[in-house]
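Thank you all for coming; I would like to spend a few minutes walking through one structure, going from its pockets to its core and then to a group of rings. Please have the sequence and the coordinates open while I talk.

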Amino acid sequence: MDVLLDNLDLYGPGFLNTVELFLISAVGSLVLGTILAMLRVAPVPVMRAMGAAYVTILRNTPLTLVFFFFAFAFPLLKIVDADTFGGSAASYYFNAALAALILYTAAFVCEVVRSGINTVPVGQAEASRALGLTFGQMLGSVVLPQATRAVVPPMMSTMIALLKNTTIAAGFSVFQAGSISLNLSERGENQLVGLLWVAAFFVVLVIPMTLLQRSLEKRWSIAR
């Protein structure tokens with residue numbers, strides 16, 4: 001307990017930055033992943049090819065390389081001015097971590113949503129088209145609401161993986177939970193105890209997500 005109390009100036013900002021990274025990345029990847037899933041089931045071949053190419057490339061690229069690209073290669077390519085992208089060095093690396101996590105996780109979210117869409121009977125889509133609904137209306141009003149029930153368990157697993165992936169940002173100048181042990185070492189603190197507190201922090205975050213998953217599964221199983 002002394003390691004935690006004596007280093008609250010490390011644990012506090014570190015945990016807060018981790019939560020911020022996770023929440024923003026979760027929302028961003030859910031939005032982008034859903035859009036990609038819509039591309040993958042679109043009736044236009046070019047749109048399907050674009051979605052498939054994105055997912056294939058990102059899913060087969062190590063997350064560390066994605067981080068490396070945004071942290072080091074991205075500024076050299078002059079796609080976006082470094083000052084505009086972050087302002088300060090700390091802000092730049094934080095935003096770079098967000099971009100890497102969102103783009104990488106969106107590929108997995110896409111596949112989860114697409115698998116959920118495939119569980120909806122084809123007759124639902126055919127009936128929607130018969131009623132004159134557009135592709136977007138059919139997905140938003142008929143297919144996606146039904147697919148949500150099927151995607152909750154794998155989606156929650158994807159979000160838990162995202163939470164743990166935030167620790168990679170520690171290797172790219174982003175101060176968060178993964179960086180705490182290095183700072184404890186510089187202060188001469190027991191790193192093992194320090195890491196146990198970090199692990200406890202992640203467990204505390206994962207438990208509510210697991211309980212939410214079980215609650216939704218139970219509610220929707222009764223609804224069926």
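Let me begin with the largest pocket, whose lining residues divide into 12 nonpolar, 3 polar and 1 charged. I should say at once that we are looking at a predicted model, so that local features are given only where pLDDT is at least 70, and side-chain atom pairs only at pLDDT 80 or more. The lining of this pocket is made up of 16 residues, and those that lie nearest its centre are Ile 117, Ala 125, Arg 129, Met 138 and Val 143. If you want to find the place on your screens, look at α6, at α7, which covers 122-130, and at α8, since each of these helices supplies at least two residues of the lining. The space inside the largest pocket comes to about 290 Å³.

The second largest pocket has a volume of about 210 Å³, and here the elements that give two or more residues to the lining are α2, α8 and α10. Which of the elements contributes the largest share of this lining? That is α8, with 4 residues. The full lining consists of Phe 22, Ala 26, Leu 30, Val 152, Met 155, Met 156, Met 159, Met 209, Leu 212 and Leu 216, and when these are sorted by class, the result is 10 nonpolar residues, with no polar and no charged ones.

Two residues of that lining, Val 152 and Met 156, come up again when we turn to Gln 213, a residue of helix α10. Leaving out residues up to four places away in sequence, Gln 213 touches Val 152, Pro 153 and Met 156. Is this glutamine buried or exposed? Gln 213 has a relative accessibility of 16%, and because the cut-off for buried is under 20%, it counts as buried.

Now to the nonpolar core. In general, nonpolar side chains in soluble globular proteins tend to be buried together. In this model the largest nonpolar core holds 55 residues, among which Leu 21, Phe 67 and Met 159 touch the most other members. The elements that give this core two or more residues are α2 (8-40), α3 (45-59), α4 (63-77), α6 (89-118), α8 (135-165) and α10 (191-223), and the largest share, 16 residues, comes from α6. Met 159 also belongs to the lining of the second largest pocket. As for Phe 67, once its neighbours within four places in sequence are set aside, its contacts are Ala 97, Ala 100, Leu 101, Ile 168, Ala 169 and Phe 172.

My last topic is the aromatic rings, for which a search of the whole structure finds 4 pairs. One of these is formed by Phe 15 and Phe 201, and it is stacked, with 3.8 Å from centre to centre and 5° between the planes. This pair links distant parts of the chain, given that Phe 15 sits in helix α2 and Phe 201 in helix α10, 186 residues apart. Phe 15 counts as buried at 16% relative accessibility, and Phe 201 counts as buried at 12%. Why is the pair of Phe 201 and Phe 202 called edge-to-face? The ring centres of Phe 201 and Phe 202 are 5.4 Å apart and their planes meet at 70°, and because planes over 60 degrees apart fall in that class, the pair is edge-to-face. Phe 202 is buried, as Phe 201 is, and ring pairs link Phe 15, Phe 201 and Phe 202 into a cluster.

Note on methods:
Residues numbered from 1 in each chain as written. Heavy atoms only, no water. Core = buried A, V, L, I, M, F, W, Y, C linked by side-chain atoms within 4.5 Å. Buried < 20%, exposed > 50% of the residue type's maximum accessible area, 1.4 Å probe, protein only. Contact = heavy atoms within 4.5 Å. 1 Å grid on protein atoms, 1.4 Å probe; cavity = no way out; pocket = protein on both sides within 12 Å on 5 of 7 lines; lining within 4 Å. Points joined across faces, edges and corners; volume = space filled by probe spheres on them. Nonpolar A, V, L, I, M, F, W, Y, C, P; charged D, E, K, R; others polar. Phe/Tyr/Trp six-rings, centres within 6.5 Å; stacked < 30°, edge-to-face > 60°.
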